[in-house]
Amino acid sequence: MGKKTWTDEQIEKLRDLWGTKDYRSIARNLGHTETAVRLKAKRLGLGAMKNASDYMCAKEISRIMGVDFHTVTDYWIKKLGLQCRRIEGKRKTLYIMVRHDELVRFLKNNQEIFDSRRIEPYGLGCEPEWLHQKRLRDRNK
């Protein structure tokens, strides 16, 4: 099997898809193998797929929010409907990813499920007015 070269268009598309699709989907979309996609991404310096988008992994969310990982995956996602994506990483590792803006919207609409005292100021990267007000309410508990 010969070496298949990458076109500029494919490289640009790889950059666009990185962090939004899993390896298999990107490979299928670009007509390359998963290994070729991984190698090209590494050579381009795209970094870890899970860090390459406006998505946050469930583990990171649990750390920021000061809650157990399963609170995020089993309660917030499965029972309360927090929207997520499942992205397959290296060695078939599955990452549960949530868009940052979706998380902030979800938290705003479900303020009773978390204690804002556990979140560092600007821990979510932003400090909307509703979160500031929640911090004041939680401080008085």
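Start with the sheet: select strands S1, S2 and S3 in this predicted model. The three make an open sheet with antiparallel pairing, and the order across it is S1-S3-S2. S1 (55-57) and S2 sit at the edges, each pairing on one side only. Ignoring direction, neighbouring strands in this sheet are turned by 40° against each other on average.

Now zoom in on S1 and S3 (residues 94-99). Their antiparallel pairing runs over 3 bridges. For a handy landmark, show Tyr 55 and look across to Arg 99 in S3, which stands opposite.

Keep S1 and S3 on screen and add helix H6, residues 100-109. H6 lies across both strands, and runs at about 65° to S3.

Next, bring in helix H7, residues 129-139. Which of its residues are buried? Colour Trp 130, Leu 131, Lys 134, Arg 135 and Asp 138, and you have them. They span an arc of only 145° around the axis, so they share the same side of H7. This buried set packs against H6, the helix you have just seen lying across S1 and S3. Turn the view to the face of H7 pointing away from the buried side, and you will find the exposed residues Glu 129 and Arg 139.

Stay in H7 and pick Asp 138. Is Asp 138 buried or exposed? Its relative accessible area is 2%, and since buried means under 20%, Asp 138 counts as buried. Now display the side chain of Ser 116: the side chain of Asp 138 makes a polar contact with it at 2.7 Å. Leaving aside residues up to four places away in sequence, Asp 138 touches Phe 114, Asp 115, Ser 116 and Arg 117, so select that stretch too if you want the surroundings in one view.

For the last stop, go to helix H2, residues 23-30, and highlight its buried residues: Tyr 23, Ile 26, Ala 27 and Leu 30. Looking down the axis of H2, you will see them fall within an arc of 100°, so they line one face of the helix. The spacing fits a simple rule: an α-helix has 3.6 residues a turn, so residues three or four places apart point the same way.

What covers the buried residues of H2? Add helix H1 (8-17), helix H3 (34-44) and strand S2 (85-88), which are among the elements that do. S2 takes you back to the sheet, where it is one of the edge strands. Before you leave, step just past the end of H2 to Gly 31, where phi is positive, at about 75°.

Definitions and conventions
Residues are numbered from 1 along each chain as its sequence is written. This is a predicted model: local features need pLDDT of at least 70, side-chain atom pairs count only at pLDDT 80 or more; totals for chains, interfaces and linings use all residues. Side-chain values use heavy atoms; hydrogens and water are left out. Buried means under 20% relative accessible area, exposed over 50%, partly exposed in between (1.4 Å probe, protein chains only). Helices (H or I, at least four residues) and strands (E, at least two) are DSSP runs, numbered from the N terminus. The arc is that of the directions from the helix axis to the C-beta atoms. Contact means heavy atoms within 4.5 Å. Two strands pair if DSSP finds at least two bridges between them. Axes are lines fitted to C-alpha atoms, for helices over the stretch in contact, and angles run from 0 to 180 degrees between N-to-C directions. A polar contact is a pair of N or O atoms within 3.5 Å; within protein, one must be able to donate a hydrogen and the other to accept it, and residues adjacent in sequence count only if both atoms are side-chain atoms.
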